[in-house]
Amino acid sequence: MPTRHRRTTRHLIAAGTVVTTVVTATACSGTSGSSKGADGPLVFGISADASQLLPWTATAIQSQQVLGQVYSSLLEQDNHLLPGAGLADMPDVSKDGKTYTFTLRSGLTFTDGSTLDSSDVKYSIDKVLDPATKAVARTSLSAVKSVSAPDAHRIVIKLKKPDASLLAALSSVNTAILPSNKPLASLKKKPLGSGPYAYKSRKPNQSISLVRNPHFYRSRPGLSALEFRVIEDQNSMVSALRSGAVDMAIFDDYVTTKTAKSDNVTIQTVDQLNYHALQMRPDSSTFQNTDVRLAIQCAIDRKQVVKTAALGQGDVVGPITSPGYASDPDARPCPSRDLKAAKKHLAAAGKSDGFTFTAIVPQGLYSSASDEAQNIQSQLASAGITMKIETLDSSAYVDRWLAGKFDAAIALNGAGADPATTYTRYFTSSGNFNKVAGYHSENLDKLFADGIATTDISERREVYQKISRELEDKAAWVWLYSGRQYIATNTRVHGFQPVTDGSLQSLWETTLA
Amino acid sequence: MKSTLIHLGGHPVTRRLGEALLTLLGVSVLTFTLLRVLPGDQITSSYGIDAGDLTKSQLAQLHAYYGLDKPLPEQFLSWLHGVFTGNLGYSSNAGQSVADMTADALPVTLELAVLAIVLALVIGIPGGMIAASRPGALRDGVAQTASLLVLSAPVFLTGTVLASILANSFGWNPNGQTFAPLTEDPLMNIQQMVLPALVLGVSIASPIMQTTRTAILDIRGEDFIRTARAKGVPEHALHVRHVLRNALIPIVTMSGLQFGFLLGGAVVAEQIFSLPGIGRQVLLGMGQKEYSVVQSTVLVIAVLFVLVNLVTDLVYRMVDPRVWSR
């Protein structure tokens, strides 16, 4: 090789090295971790933007988490999801259970310092009830007949009939109290509430910044500032946690969570109320026969589903998961897998040779869906039942699911603290989602009506046990398990108490060391 | 007049412009159609399963609000009319016009693409020259193997692994911070850009290196190189003035293609490194079923791609004046 050519090659290598070194050195010269004091800001990582800024129509969990810090409701849920005093004390309830009188705390203000009084509460509940608002909590308040504000501190809510789930509905961020003198259009862009933190700014798809509300009615919030930072990729979220760029994040996926654990990141595990189920539609020709559905119930080992799809991170459940009302998961015709019983039910249904059905399975909604489907498919095959899997992207799945255009579906459904709000819409003949559930009966209609009208906790519990029993005996669906959530926090974070529904009630008390 | 028009129609520039417009129209129609074929819409995307709680009249109001109640051709023409009048649509999720969103996102992607292509050229051209300097020798084998490895490793893998190693081992993760625009915080901006640019740059350096190597080997076998060498042209000058210069056309072509790809295809890197660029804008628009966001952003990307191709053509002419005469 000629000397000059060799020299040229060396020059090229040297030039490349110098450029790369300079770029890297320049890049690495600054600080990468966040430079935060004990007062904040605390950075909370969220996997999607909180784009719904009006609490009444906010359905995404990220929006609810952010708005829960900005707004207050008439009542607030405690860490056990029970309604307690919020902007108002617990109400006086009339003997017939149809009149609720709330008294507001004194000196309430919105974060801009303007007064919050009963006119704002009346305005907010009236707006939630107005169909034009498209509020998601409208059906939860359907028993409300009228709302009045006799003076600045009192609100009287009259009901058409007693409703034991009213207080739970009034403690949701979806029934938050908004200022009556601000146009909704402006609040959709710049929220103004009475929560622990005040809205400061939003960079769409990047971050939302909040600052301490000095007027917060409970006491001084723990941080001067709070930032919700959007990091969609879960691995990037883990990197951000481990480097200290993000202080807190919530994960659903066990495997990803394990990678986040380090010397400066701790993980708290929280049981979820949401439940995984194999939804069958008993009003479809495939699943009309109760024995067919019972055969499927008997052929599935739910523990095996938990072990394989959720890596053991979950508990087998029955229909109702709400605290205080939870179903006994073994109170069903087949408490554990029983292939003989499955064959018997198949024979009773005239399908001794088995049958075939298709289950829709979501992709992108939650991580374990495909694994659940495959495990159930393989278990049912042992009983001679062929389950075909139709995987759909999240939008397509939701579309088909809402339209009730499926025979069976692998689903992760939301559940709340009150079983009435969780199931009335599915299993009553007039429920909005009855088309999706595909099952109702006169008995269930009566039981659900009783459940809403009964205020005594132990009597209510009995009603919901009966509901649970019918759903299991008729194998309306196959309830599988409830999974877990994982709260990853930097060791500098103190005072956070996780809650099973993923809301961040105690975030306002959280501090940074 | 007629002959002038015919002349213009036959002129390469006019022809290219006509082709470009047809391409853009085709891209728009295709994007519009594909979006409508996909199940779901912005209502189910926003409300999720709670859309089932909406009454018929509420649903009708929402359809009207999002313009979904109109026939498809009317929806398309309405969007197209908006484009011609400078209205690219509105994103209710971002609370911004698509034009404003794009004005924010485009500089991010352009910066990333420029950094990545510079890195790719800095690595790819010398790499190709080194490999071509001794075909079949150890250096060639090492360069080819490295190139194959890089080509085989997808960006999502290299990006995630690199980010994880740096965060876990050195606690260095600038992309975990809120994005800092170049004009506001240049130091933080370059930190946030360096990893995605490196990952993308290395990934496209591979085809550039391969192209350089092949082109140089082809040119080195040409008669005029032998003549120049026989005439005593120094080896260094021979390589730079004769070999590299003549090998530049395929390199420019490849670089232009890769740059065009970066403008629309950096979506994975932008997603992994949380960069608010134009690729991520399309991805989020798709997820949220915001039709106008996706249609208008894809159109902007297509326009950029066409422009990059035109610029590449111009560069050909600078590199090789003979192209003018073709």
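**Entry 1: helix and strand labels, then L311(A)**

Before anything else, a note to self: a helix here is a DSSP run of H or I with at least four residues, a strand is an E run of at least two, and both are numbered from the N terminus. With that settled, I looked up L311(A), which sits in the loop between α9 (302–309) and β14 (314–316) of chain A. I'm working from a predicted model, not an experimental one. L311(A) isn't a glycine, yet its phi is positive, near 50 degrees. I also asked how L311(A) is placed: buried, exposed or partly exposed? It has 14 C-beta neighbours inside 10 Å, so it counts as partly exposed; buried would take 20 or more, and exposed would mean 12 or fewer.

**Entry 2: another positive phi in chain A**

I flagged these residues because most residues other than glycine have a negative phi. K134(A) has a positive phi of about 60 degrees and is not a glycine either. I found K134(A) in the loop between α3 (118–129) and β6 (144–148) of chain A. My neighbour count for K134(A) came to 19 other C-beta atoms within 10 Å, so I put it down as partly exposed.

**Entry 3: how far to trust the model**

I noted ipTM 0.77 and pTM 0.83 for the model. Chain A averages a pLDDT of 90, with 93% of its residues at 70 or better. For chain B I have a mean of 87, and 95% of the residues reach 70 or more.

Where in chain A is confidence lowest, and where is it highest? The low end is α1(A), at a mean of 51, and the high end is strand β5 (residues 99–103) of chain A, at 98. I also marked residues 25–35 of chain A, where pLDDT stays under 50. The model still has 21 contacts for that stretch beyond four places in sequence.

**Entry 4: chain A against chain B**

I counted 54 residues from chain A and 56 residues from chain B in the contact. On the chain A side, the elements giving two or more residues are α1 (3–28), α6 (234–243) and α12 (394–403). Which of them gives the most? It's α1(A), with 13 residues. I kept in mind that α1(A) is also where chain A's confidence is lowest. By type, the chain A side splits into 21 nonpolar, 23 polar and 10 charged residues.

**Entry 5: domains and core**

Chain A is divided into domain 1 (72–187), domain 2 (195–264 + 491–512) and domain 3 (274–483). I got 34 Å between the C-alpha centres of domain 2 and domain 3 of chain A. Their contact takes 4 residues from domain 2 and 5 residues from domain 3. On the domain 2 side I have 1 nonpolar residue, no polar ones and 3 charged.

Next came the largest nonpolar core, which has 78 residues; L241(A), V246(A) and A488(A) have the most contacts inside it. Helix α4 (residues 166–170) of chain A supplies the largest share, 5 residues. The core draws at least three residues from each of domain 1 and domain 2 of chain A. I pulled the partners of A488(A) beyond four places in sequence: L241(A), M248(A), A249(A), F251(A), T257(A), A260(A), V265(A) and I267(A).

**Entry 6: C298(A)**

C298(A) is in helix α8 (residues 290–299) of chain A. I counted 26 C-beta neighbours inside 10 Å, so C298(A) is buried. Which residues does C298(A) contact, leaving aside those within four places in sequence? I listed C334(A), D338(A), A341(A), A342(A) and H345(A). I also checked C298(A) against K435(A): they are 137 residues apart along the chain, and their C-alpha atoms are separated by 25 Å.

**Entry 7: chain B**

In helix α13 (residues 278–287) of chain B, 8 of the 10 residues are buried, so the helix is largely enclosed by the rest of the structure. Those I wrote down as buried are I278(B), G279(B), R280(B), Q281(B), V282(B), L284(B), G285(B) and M286(B). After α13(B) comes K289(B), with a positive phi near 55 degrees.

Then I went to the UniProt record. An unreviewed entry annotates "transmembrane region" over residues 20–38, 112–133, 145–170, 190–209, 247–273 and 293–316 of chain B. I took two of these spans and looked at the model. Residues 112–133 are 100% helix, with 31 Å between the end C-alpha atoms. Residues 293–316 are also 100% helix, and their end C-alpha atoms lie 35 Å apart.

Methods. Residues are numbered from 1 along each chain as its sequence is written. Chains are lettered from A and ligands numbered from 1 in the order in which they are written. This is a predicted model: local features need pLDDT of at least 70, side-chain atom pairs count only at pLDDT 80 or more; totals for chains, interfaces and linings use all residues. Two residues are in contact if their C-beta atoms, placed from the backbone, lie within 7 Å. Ala, Val, Leu, Ile, Met, Phe, Trp, Tyr, Cys and Pro count as nonpolar, Asp, Glu, Lys and Arg as charged, and the others, Gly among them, as polar. pLDDT is the predictor's confidence in each residue, from 0 to 100. UniProt positions are given in the numbering used here, feature names are shortened, and annotations may be inferred rather than shown by experiment. Domain bounds come from an automatic or database domain assignment. A nonpolar core is a set of buried Ala, Val, Leu, Ile, Met, Phe, Trp, Tyr and Cys residues joined through C-beta atoms within 7 Å.
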